[in-house]
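Reader: Before I set up any calculation, I would like a close look at one part of this model, namely the open sheet and what surrounds it. Please state the cut-offs behind each term as you go.

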Amino acid sequence: MQLLPKQENAIYYLKDNTTREVIYGGAAGGGKSALGCLWIIEGCQKYAGSRWLIGRSKLKTLKETTLNTFFELSSKLGLSDQYTYNSQSGVIYWNNGSEILLKDLFHYPSDPEFDSLGSLEITGAFIDECSQITLKAWQVVRSRIRYRLKDFNLSPKILGTCNPTKNWVYKNFYNPSNTGTLSSDKKFIAALPTDNKHLPQSYLDSLLAMEENSKQRLYYGNWEYDDDPTAIIDFESIIDYFDATHVHRSGDMFMTVDVARLGDDNSVIRVWDGWLSIERLSLSKTGLNELTKEMKRLQIKYSVPLSNIIVDEDGVGGGVVDFFKCKGFVNNSKPLEELGVGGDMFTPNYENLKTQCSVLMAQKIQRREVGEINLSSDVKDRISEEMQQIKYIDADKDGKIKIQRKQDIKKNIGRSPDDWDCIMMRYYFELEPKKQELFFF
């Protein structure tokens with residue numbers, strides 16, 4: 001079977017001795033599923049008794065799409081009589097003893113560590129539409145590639161295919177490949193529909209006829225184009241956030257602090273002069289004593305009033321609030337009253353306080369009224385990645401205004417959005433109830 005040039009390029013890396021992870025695709029119609037199935041078929045034939053995995057976010061979708069591609073290709077190659085498929089167990093058994101395991105890789109709350117994969121051992125793995133799974137799922141599958149590798153003199157290989165998506169695939173593969181910083185054991189290969197000469201013109205025309213966001217992603221393979229209608233902050237506003245010449249200092253000093261909770265989360269401190277963040281400090285795996293020491297140092301350095309300091313009070317942050325005697329931010333508390341158009345106060349229909357501050361801060365960024373200075377390019381990329389994840393959910397339903405959950409953002413980008421939490425808390429000071437001054441006559 002004649003491979004496309006980009007497919008041949010991917011196969012080269014899937015057979016070398018240095019590459020461990022390959023991402024192929026970046027648009028529709030580039031032969032993504034076919035590549036993965038052909039690689040797995042060849043492995044099963046060539047290495048008798050080997051064990052391979054084909055995975056996707058949902059097993060039902062895998063069986064309706066990727067598996068059909070497998071059947072079609074094996075039939076064209078005249079290999080349909082070389083295996084049997086057990087739909088109950090989700091296993092394809094080859095006559096020479098090789099196996100293909102079909103796996104559901106969705107991130108179920110009941111199995112956050114993918115313990116369902118147990119002591120699985122495989123020779124190689126192909127994950128179709130890998131951008132629909134979490135980084136954790138990818139890493140777990142990758143760690144299971146060890147079955148009979150020495151017997152076959154093979155290196156562990158995992159192949160993922162996908163369309164452009166701003167999540168862990170963008171961060172770990174596309175962007176490093178684009179900037180020349182991708183490690184030597186990883187490869188990203190862009191494949192566009194125009195690379196596939198077997199596609200009918202009608203298919204290409206259908207892609208070009210799609211709305212702009214889908215056309216940019218699926219036809220042109222544009223990873224940077226993101227016109228998601230649920231996104232609250234557009235990309236140009238994010239860029240302008242870091243070019244803060246339009247944001248003026250007011251002399252009113254504030255401090256916002258997001259305290260690390262678990263694992264790899266960082267504690268982040270920001271000092272604000274009005275709506276301009278002038279210093280950011282990130283502390284990794286720091287005890288509360290060191291955190292409060294740094295807070296006190298910055299408070300003295302910038303003369304921040306205690307009443308203008310707020311700390312995320314959830315979890316261990318409550319201890320910081322108690323020690324520092326500052327304001328506490330409770331994410332899931334009720335939204336605060338806002339001033340209406342007519343001058344009356346009203347309680348808006350947000351799910352909670354965090355949603356309220358996130359939406360209002362996002363809108364303020366959109367209006368170019370907030371900015372930040374003194375950041376490295378790496379930190380800018382980190383913040384930009386988080387801001388692009390601030391999206392409405394269930395926007396088409398009646399009920400409270402909701403945004404994407406922190407745990408979902410963490411799954412998308414592979415880490416906690418500590419910077420955004422620290423940024424959005426700044427809006428609290430615009431909403432907090434002000435004590436009324438009493439005048440006696």
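Author: What follows describes the open sheet, strand by strand where possible, and then its setting in the chain. This is a predicted model, in which local features need pLDDT of at least 70 and side-chain atom pairs count only at pLDDT 80 or more, while totals for chains, interfaces and linings use all residues. Residues are numbered from 1 along each chain as its sequence is written, and side-chain values use heavy atoms, with hydrogens and water left out.

The protein chain has 17 helices and 18 strands, where helices (H or I, at least four residues) and strands (E, at least two) are DSSP runs numbered from the N terminus. Six of the strands form an open sheet in the order β13-β12-β9-β10-β11-β16, with mixed pairing; two strands are said to pair if DSSP finds at least two bridges between them. The edges of this sheet are β13, at residues 327–329, and β16, at residues 371–372, each of which pairs on one side only. Strands of a sheet pair through backbone hydrogen bonds, in either a parallel or an antiparallel manner.

At the β13 edge, strand β12 (residues 309–312) runs parallel to β13 and is joined to it by three bridges, and Val311 has Gly328 of β13 as its bridge partner. Helix α12, residues 317–324, lies across β12 and β13 and runs at about 155 degrees to β12; here axes are lines fitted to C-alpha atoms, for helices over the stretch in contact, angles run from 0 to 180 degrees between N-to-C directions, and contact means heavy atoms within 4.5 Å.

Turning to the β16 edge, the loop between α13 (353–366) and β16 holds Arg368, a residue that has a positive phi of about 60 degrees although it is not a glycine. Arg368 is partly exposed, with a relative accessible area of 28%, on a scale where buried means under 20%, exposed over 50%, and partly exposed in between (1.4 Å probe, protein chains only).

As for the setting of the sheet, buried residues make up 51% of the 441 residues in the protein chain, and the C-alpha trace spans about 100 × 50 × 40 Å along its principal axes. Of the contacts in the protein chain with a separation of 6 or more, 67% come from residues 24 or more positions apart.
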